[in-house]
Amino acid sequence: MTTLPVLSPRPDPSGPRRAAMPPRHLADLDLAGRQDLVRELGEPAFRARQISTHYFGRLVRDPGAMTDLPAASRDRLAGALLPRLLTPVRELACDDGATRKALWRLHDGSLVESVLMGYPDRVTVCISSQAGCGMACPFCATGQAGLTRNLSTAEILDQAVYLAGVAASGAVAGAPARLSHVVFMGMGEPLANYARVVAAVRRLCAPAPEGLGLSQRHITVSTVGLVPAMRRLAEEDLSVTLALSLHAPDDELRDELVPVNQRWKVAEVLDAAWNYADRTGRRISIEYAMIRDVNDQPWRADLLGRLLAGRLAHVNLIPLNPTPGSRWDASPKPVEREFVRRLRAAGVSTTVRDTRGQEIDGACGQLAAAEVPA
């Protein structure tokens with residue numbers, strides 16, 4: 001999966017405005033920080049653990065359902081620790097219920113989306129880290145819409161907690177009832193919201209009631225190639241998978257498809273990726289959207305194979321799912337198969353990504369939300 005485009009609402013005719021961050025939420029804080037806040041409210045510190053156990057351990061987001069909290073304290077604690085961050089607008093399902101897309105309105109009216117994907121052996125959620133995106137990739141609807149703002153750590157986490165609750169309810173037939181994998185491949189460039197994304201990763205992996213208790217190895221963070229942030233991530237002592245949205249092996253084309261390449265060229269981006277692999281021992285996931293007559297030529301497959309041969313890397317080829325009115329289209333299947341053959345002949349591990357969620361505009365490269373009036 002690569003960045004999942006989401007169309008932003010129509011711009012405000014009164015002109016651009018600076019979006020305010022949401023109110024503080026318990027997921028913005030570690031457990032010690034939650035305890036300090038509870039004490040400031042005149043409550044015993046153990047109330048922070050109670051609320052955290054509900055939220056992260058039992059996946060309860062409604063304060064009214066936290067009946068072990070004294071009624072006299074519940075509203076005050078909920079107001080300070082559990083403000084509403086995501087208001088549901090629409091939820092769609094396809095693939096016999098195995099794929100579910102949730103559309104959320106944030107406190108400032110921005111729209112973001114998350115996707116749950118159930119498989120026989122795992123449940124994965126794809127979450128957004130920004131409202132909009134500033135990377136301006138021309139085949140991505142989000143990039144063309146521009147960046148509204150970064151999401152808070154809690155806004156990021158609340159998507160995962162909600163969808164973990166959906167999985168726990170048994171609503172995803174044929175899949176486990178427990179969330180196991182999280183991919184930061186929704187709306188936005190995760191490494192452009194670095195501090196909050198890293199905080200969210202740590203909270204996802206911390207055991208309950210500190211966090212959701214997921215394995216770091218089951219977390220994937222994507223990037224279009226922000227080299228300084230990639231190198232910084234390598235120093236975080238994390239074991240998450242780094243997914244690099246490459247989309248072209250040569251600078252001439254990548255300058256067009258991924259404009260940040262005009263700042264950090266292919267060689268520099270790959271060097272940062274290999275540094276991450278060396279430091280963490282984790283295989284780099286190379287994301288490559290297959291675009292008809294643009295980046296799918298046999299010579300580009302051969303060049304990509306030479307760049308990756310012998311490296312700790314795996315290529316995910318992604319059949320492009322164009323958004324309505326886009327001039328970009330998916331590569332024909334014979335072209336795709338030849339691309340795969342050439343990469344494998346070069347000794348590069350390669351798979352073609354499953355295009356789940358096409359009926360609900362939730363597939364890779366297509367997560368497009370129709371405008372919903374406020």
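1. Contacts in this predicted model are mostly long-range: of those with a separation of 6 or more, 69% link residues 24 or more positions apart (a contact being heavy atoms within 4.5 Å). On the ground rules, local features need pLDDT of at least 70 and side-chain atom pairs count only at pLDDT 80 or more, while totals for chains, interfaces and linings use all residues. Numbering starts from 1 along each chain as its sequence is written, and side-chain values use heavy atoms, with hydrogens and water left out.

2. Overall make-up: 11 helices and 12 strands, taken as DSSP runs numbered from the N terminus (helices H or I, at least four residues; strands E, at least two). Of the 374 residues, 58% are buried, meaning under 20% relative accessible area with a 1.4 Å probe, protein chains only. The protein exposes about 15,000 Å², with 50% of that from carbon and sulfur atoms (Shrake-Rupley method, 1.4 Å probe).

3. Now the sheet. It is open, has 10 strands with mixed pairing, and runs in the order 1-2-3-4-7-8-9-10-11-12; pairing here takes at least two DSSP bridges between two strands. Strand 1 (87-94) and strand 12 (349-352) are the edges, each pairing on one side only. Ignoring direction, neighbouring strands are turned by 20° against each other on average (axes are lines fitted to C-alpha atoms, for helices over the stretch in contact; angles run from 0 to 180 degrees between N-to-C directions).

4. For a closer look at one pair, try strand 3 (residues 111-119) and strand 4 (residues 122-126), which are antiparallel over five bridges. M117 sits opposite T124 of strand 4.

5. Helix 9 (residues 266-280) lies across strand 9 (241-245), strand 10 (284-290) and strand 11 (313-319). Its angle to strand 10 is about 145°.

6. The largest nonpolar core holds 104 residues, and F184, L204 and I219 touch the most other members. Such a core is a set of buried Ala, Val, Leu, Ile, Met, Phe, Trp, Tyr and Cys residues joined through side-chain atoms within 4.5 Å. Helix 5 (residues 153-168) gives the largest share, nine residues. Beyond four places in sequence, F184 has contacts including I127, I156, L204 and I219. A second, separate core of seven residues includes V115, C126, M185 and A243.

7. Have a look at R300 in helix 10 (residues 298-308). R300 counts as buried because its relative accessible area is 9%. Its side chain makes a 2.9 Å polar contact with that of Q297 (N or O atoms within 3.5 Å, one able to donate a hydrogen and the other to accept it; residues adjacent in sequence count only if both atoms are side-chain atoms). Outside four places in sequence, R300 touches residues including D250, Y288 and F339.

Notes:
Buried means under 20% relative accessible area, exposed over 50%, partly exposed in between (1.4 Å probe, protein chains only).
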